Amino acid sequence: MSRKKKRQDRGLQPDVRYKSLLVSNYINRIMYNGKKNIATNLVYSAMDTLKEKLKEDPLKVLIKATENVKPQLEVKARRIGGATYQVPIEVDPLRANALALRWIIKFSRDKKGRTFSEKLSSELIDAYKEQGSAIKKRTDTHKMADANKAFAHYKW
């Protein structure tokens with residue numbers, strides 16, 4: 001039996017405008033130093049930009065972009081007999097969602113020269129069209145897992 005505690009869900013509240021848990025998750029991930037109002041304005045302005053540029057429902061674009069970035073496989077280091085192997089494992093859906101949000105926000109922050117809401121909207125558009133940095137990160141993660149599938153029998 002595992003000694004780790006199961007993750008306790010504290011009940012995330014949906015956001016005000018779109019009534020979506022995913023949007024409120026983005027807001028919470030973008031937030032710095034408890035400044036939730038600023039993070040909310042950034043996400044909503046990015047969603048407005050999505051609506052202008054793509055002429056589609058921004059919530060559907062956000063959901064599709066996040067789904068495109070979610071990884072199915074990743075590698076974990078396992079130490080067996082003095083050697084460390086990169087063992088491919090399937091990603092839990094909660095972790096896949098967290099990784100997708102983390103990657104999209106990280107690569108949005110890494111872009112230069114524009115406001116954050118513009119950078120976030122461009123990264124979401126790229127993820128929606130299955131191109132860009134976050135998609136490349138997912139592809140690299142899958143390639144690493146595929147290259148190490150010979151060690152899959154060490155999974156437990």
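## Reading contacts and burial in a predicted model

Reader: Let me begin with one ring. Does Phe-151 count as buried or as partly exposed?

Author: Happy to start there. This is a predicted model. Phe-151 counts as partly exposed because its relative accessibility is 27%, and buried would mean under 20%.

Reader: Which residue forms an aromatic pair with Phe-151?

Author: Searching the whole structure gives 2 aromatic pairs. In one of them, Tyr-85 meets Phe-151 with the ring centres 4.8 Å apart and 40° between the planes, a tilted arrangement. Tyr-85 belongs to strand S2 (residues 83–90) and Phe-151 to the segment after helix H6 (133–147), so the pair ties together parts that are 66 residues apart in sequence. Tyr-85 also counts as partly exposed, at 22% relative accessibility.

Reader: Good. How many helices and strands does the chain have?

Author: There are 6 helices and 2 strands, and along the sequence they follow the pattern α-α-α-β-β-α-α-α. The C-alpha trace spans about 55 × 35 × 25 Å along its principal axes. Of the contacts between residues at least 6 apart in sequence, 60% join residues at least 24 apart.

Reader: Now the core. Which residues have the most contacts inside the largest nonpolar core?

Author: The general idea helps here: in soluble globular proteins, nonpolar side chains tend to be buried together. In this chain, the largest nonpolar core has 34 residues, and Val-23, Tyr-26, Met-47, Val-69 and Leu-124 have the most contacts inside it. Two or more residues come from each of helix H1 (21–30), helix H2 (36–54), helix H3 (58–69), helix H4 (93–110), helix H5 (116–128) and H6. The most come from H4, with 8 residues.

Reader: What is Tyr-26 in contact with, leaving aside its neighbours within four places in sequence?

Author: The partners of Tyr-26 are Val-43, Leu-62, Thr-66, Leu-101, Ile-104, Ile-105 and Leu-124. For the chain overall, buried residues make up 39% of the 156 residues.

Reader: On to charges. Where does Arg-17 lie relative to Tyr-44, and which residue does the Arg-17 side chain meet in a salt bridge?

Author: Arg-17 lies over the face of Tyr-44, 4.3 Å from the ring centre. Its side chain also meets Asp-48 in a salt bridge, at 3.0 Å from N to O. Arg-17 is in the segment before H1 and Asp-48 in helix H2, so this pair ties together parts 31 residues apart in sequence. Both ends count as partly exposed, Arg-17 at 41% relative accessibility and Asp-48 at 32%.

Reader: How many salt bridges does a search of the whole structure find?

Author: The search finds 8. Among them, Arg-95 pairs with Glu-74, with the closest N and O atoms 2.9 Å apart. Arg-95 is in helix H4 and Glu-74 in strand S1 (residues 73–80), so parts 21 residues apart in sequence are tied together. Here Arg-95 counts as partly exposed at 35% relative accessibility, whereas Glu-74 counts as buried at 8%.

Reader: Which residues are linked with Glu-123 in a network of salt bridges?

Author: The network links Lys-111, Glu-123 and Asp-126. Within it, the closest N and O atoms of Glu-123 and Lys-111 are 3.3 Å apart. Glu-123 sits in helix H5 and Lys-111 in the loop between H4 and H5, so the pair ties together parts 12 residues apart in sequence. Glu-123 is buried, with a relative accessible area of 0%.

Technical notes:
Residues are numbered from 1 along each chain as its sequence is written. This is a predicted model: local features need pLDDT of at least 70, side-chain atom pairs count only at pLDDT 80 or more; totals for chains, interfaces and linings use all residues. Side-chain values use heavy atoms; hydrogens and water are left out. Rings of Phe, Tyr and Trp (its six-membered ring) pair if their centres lie within 6.5 Å; planes under 30 degrees apart count as stacked, over 60 as edge-to-face and the rest as tilted. Helices (H or I, at least four residues) and strands (E, at least two) are DSSP runs, numbered from the N terminus. Buried means under 20% relative accessible area, exposed over 50%, partly exposed in between (1.4 Å probe, protein chains only). A charge sits over a ring if NZ of Lys or CZ of Arg is within 6 Å of the ring centre and within 35 degrees of the ring normal. A nonpolar core is a set of buried Ala, Val, Leu, Ile, Met, Phe, Trp, Tyr and Cys residues joined through side-chain atoms within 4.5 Å. Contact means heavy atoms within 4.5 Å. A salt bridge is a side-chain nitrogen of Lys or Arg within 4 Å of a carboxyl oxygen of Asp or Glu.
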